[in-house]
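Colleague: Got a minute? I'd like to walk through this structure with you.

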Amino acid sequence: MSDAQDSGGPTEEAKANEIGGGTSRDVVQAGRVSGGIHFHQPSLSPEPPAAHWTPQQLPRDIRGFVNRTSELRHLNAILATEDGDTTVVDVCVIAGTAGAGKTALALHWAHRAKARFPEGQLYVNLRGYDPGQAVTTWAALYGFLTALGVPTERVPADADSAAALFRSVLAGRSMLIVLDNAASAAQIRPLLPGHPGCLVLVTSRSRMSGLAVHDGARRITLGTLPEPEAVALIRAVTSGYRTEDATEKIAELARLCAHLPLALRVAAERAASHPYMDLDDLIEQLRDESALWDALSTGGGQDSEAVRSVFAWSYRALSPDSARLFRLLGTHPGSDMGLGAVTALADVNTRHARRLLDDLVGAHLLEQTAPDRFEFHDLLRAYAQETARTHETADSRTAALRRVVDWYLFTADNARKWRAPEEQIGLGPPDEAVTPQTFSDYDQAMDWCEREQRNLMAAVSAAEKARMDRQAWQLAAVLWSTRGPSAPETEWLATAEVGLRAARRLGDRVGEAGLLETMGLSLRGINEHGTAERFNAEALTIWRELGIREGEASALNALALIDLRSRRLTDAESRLSDSADIFRALGDAHWEAVARANLAEALLEAGRIDEAAAPLDEALELHRQAGNQRSVGNVLRMRSALLLERGDTHAALEAAEEAVEIGLALRDHAPEGFWLLYLGDAQLALGQADQALTSYHRSATIHRRLGDRSREALAWQGAGRVHHHLGRHTEATGFLSRAAATHRELDDRWREAIALDHLAHTTASPDQNHPEDAQQHRREALRLIAPYNDPRANNLRQRLTTHLTTE
């Protein structure tokens, strides 16, 4: 069930705005984040610049880096002047085979050169060759833009728009950008700046010929190390741990490692950890591993086999417990992992997990990226997966995956209790082997949700592949309430489809209906109203077949929200009345208040102001007593609209300000963005034009990020009204025309008519003086509202007709 509260809310009468006519409002469901795909519309202008931050994203330099002197000279030659004003090329590709040390070289040089880029350094591991999913272009851009000071709500949800914003933010800046482990030119081209002055350093196993041809990239091909340099690398790592080994013996060890830096480092760490073992014995062990891999090899080249041989050699030196953990980490569904997930995966306590993780980090088989966060090199992750398949039984692998998926499921549900305590999935108790994480406050829960977002989605897919259908649908359902504010809606919808398939395979009708309902709410948020209505209708059918009245009432509420967005006010009122009555019969005061608040919204939209007041006041009191902040904020923004229509502008402003403050405290962009529209309305009614323009601007950027084009257009509409109020009629015409065009694209006849009414007032102003255009806008608005007969529509019809007959 969802605490969704939505409508096409009340309009301002002519006295409450500066143009005439009203604007329809359509509230976001409380506590929901929308995403989307339509982002070709331009943003409000002028926009305040992003904070001029100086990111320092480079990972630490490689300890004991030696050699590669020739390649370092080539990289130094890229910098044209000593003062660092320009570079010879804008893009440099370090290409080479797996394990050749591309990342080590790039980071080592970047640390040496970063003083030449005082405005900052950006870094992303694109995971182009990781056994799991590569980092998407949008995800990389999101990380860069937020690091550059762009607020999260201003990052567009589609990659093309985000890339354009990235180029704009970088214009005139001199920065170093490291794109690590890129798979193709297509993956990185959107991440290239559009202006000279920045240097992009790319590492890839591909030669990236397309970048050389089309983007003028310089390429440095990284081969294996010459033997003297390979020997020097081993000596650098083992120095201080072993007595002086004979050069010829170290050279033999280096040859078994194919002179590849990754293999050399792993082998050297092994030698350093056994200071009293003769090097001949270590070499003999490695030869045995090489022979083993020769027998088991399925191809991949000499270099690949050498790396795998060294991995096997180092792996076999681990203690049994550490080796088991290494194998089980290969079953983890995501690309990185926290300590809690590791303890569940291995079924060990926290202290034991830390010790084993330290062993793996010390053996160079795992990298620690932050306190209690770990990840594999992509080659080592593939090797861990292989060892798990080879040395763990199918039952053991399945049990480990089940434990970690359950850990994510129950930990996410614990986070859900902070974010949406009224929503229950009914998971039952976790397995005794799983101790999920708990949270002491709302912010801690939200931080975890944002950090683990990709792991949670990966866990749903992994559960489906492992035929853990119960976990798959339950985790998808919990994710509906625990997505971070920056998570695009389309990502959750893809995950929900996995959960829906799982519920249907199980024949779990309750799970199926719940997911259909939330997917319908999500689709409505990105203006896919037809599909949303179908999903919610299917959910209603299932709830009724099962005789679950609570589900029936929730589905009626969800269908009514679509009615409200489509201005089918009579249908909405009927469904909401039925929903509220069912909740009352069930003794569920909270959900009855939700339904009745939505009913009040329908009455407000129809212009039945006095009828809406009492249920709004009752709902506000109940939600305040229950401490449900989302519902409080949602009722406050409706109350603000009602007060504004009654002419009590100061009280309307106070209610809208409180609502927006709640949205900010919840760290939830969807309600914040929508409630800002009401704040802008109240500010404008009080003559606070600058403040209103700021509110509308922020609302537009948030809704662009969330993918709600309808509400973004409402923000443009508000901006147009502000510009009209200030006498800037050219700017007003631009914003209002843009809003009307968007509503037309979305087939939203009512909102298009409202925008055209505003536009008519602007084009008829003395400095515009286009009375013919104004009359045409009014005639079109009259045509659009012909199907509507509610009091508000009748008032608008009368006003439009009066203008047409008197002007």
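**Aromatic rings and their surroundings**

Modeller: Sure. This is a predicted model. Let's start with two rings: Y315 is buried, and F326 is buried as well.

Colleague: How are the planes of Y315 and F326 set, and how far is it centre to centre?

Modeller: They form a tilted aromatic pair, 5.7 Å centre to centre, with 45° between the planes. Y315 lies in helix α11 and F326 in helix α12, so the pair ties together parts eleven residues apart in sequence.

Colleague: Which residues do ring pairs link into a cluster?

Modeller: Y315, F326, F376 and Y383. F326 also touches other residues, including L318, L360 and T387.

Colleague: What about the largest nonpolar core, how many residues has it?

Modeller: It has 152 residues. F326 is among those with the most contacts inside it, along with L75, W109, L329 and W448. Helix α16 (residues 394-419) gives the largest share of this core, ten residues. Another core, of 52 residues, lies apart from it.

Colleague: Back to rings. Why is the pair of W138 and Y142 stacked?

Modeller: Their centres are 5.2 Å apart and their planes are at 25°, under the 30 degrees cut-off, so the pair counts as stacked. Both lie in helix α3, four residues apart, about one turn of the helix.

Colleague: New topic. In what order do the strands of the open sheet come?

Modeller: The order is β6-β8-β7, with antiparallel pairing. The edge strands are β6 and β7. β6 and β8 pair over three bridges.

Colleague: Where does the charged end of R567 sit?

Modeller: Over the ring of W750, 3.6 Å from its centre.

Notes:
Residues are numbered from 1 along each chain as its sequence is written. This is a predicted model: local features need pLDDT of at least 70, side-chain atom pairs count only at pLDDT 80 or more; totals for chains, interfaces and linings use all residues. Side-chain values use heavy atoms; hydrogens and water are left out. Two strands pair if DSSP finds at least two bridges between them. Helices (H or I, at least four residues) and strands (E, at least two) are DSSP runs, numbered from the N terminus. A nonpolar core is a set of buried Ala, Val, Leu, Ile, Met, Phe, Trp, Tyr and Cys residues joined through side-chain atoms within 4.5 Å. Buried means under 20% relative accessible area, exposed over 50%, partly exposed in between (1.4 Å probe, protein chains only). Contact means heavy atoms within 4.5 Å. Rings of Phe, Tyr and Trp (its six-membered ring) pair if their centres lie within 6.5 Å; planes under 30 degrees apart count as stacked, over 60 as edge-to-face and the rest as tilted. A charge sits over a ring if NZ of Lys or CZ of Arg is within 6 Å of the ring centre and within 35 degrees of the ring normal. Lists of a residue's contacts leave out its neighbours within four places in sequence.
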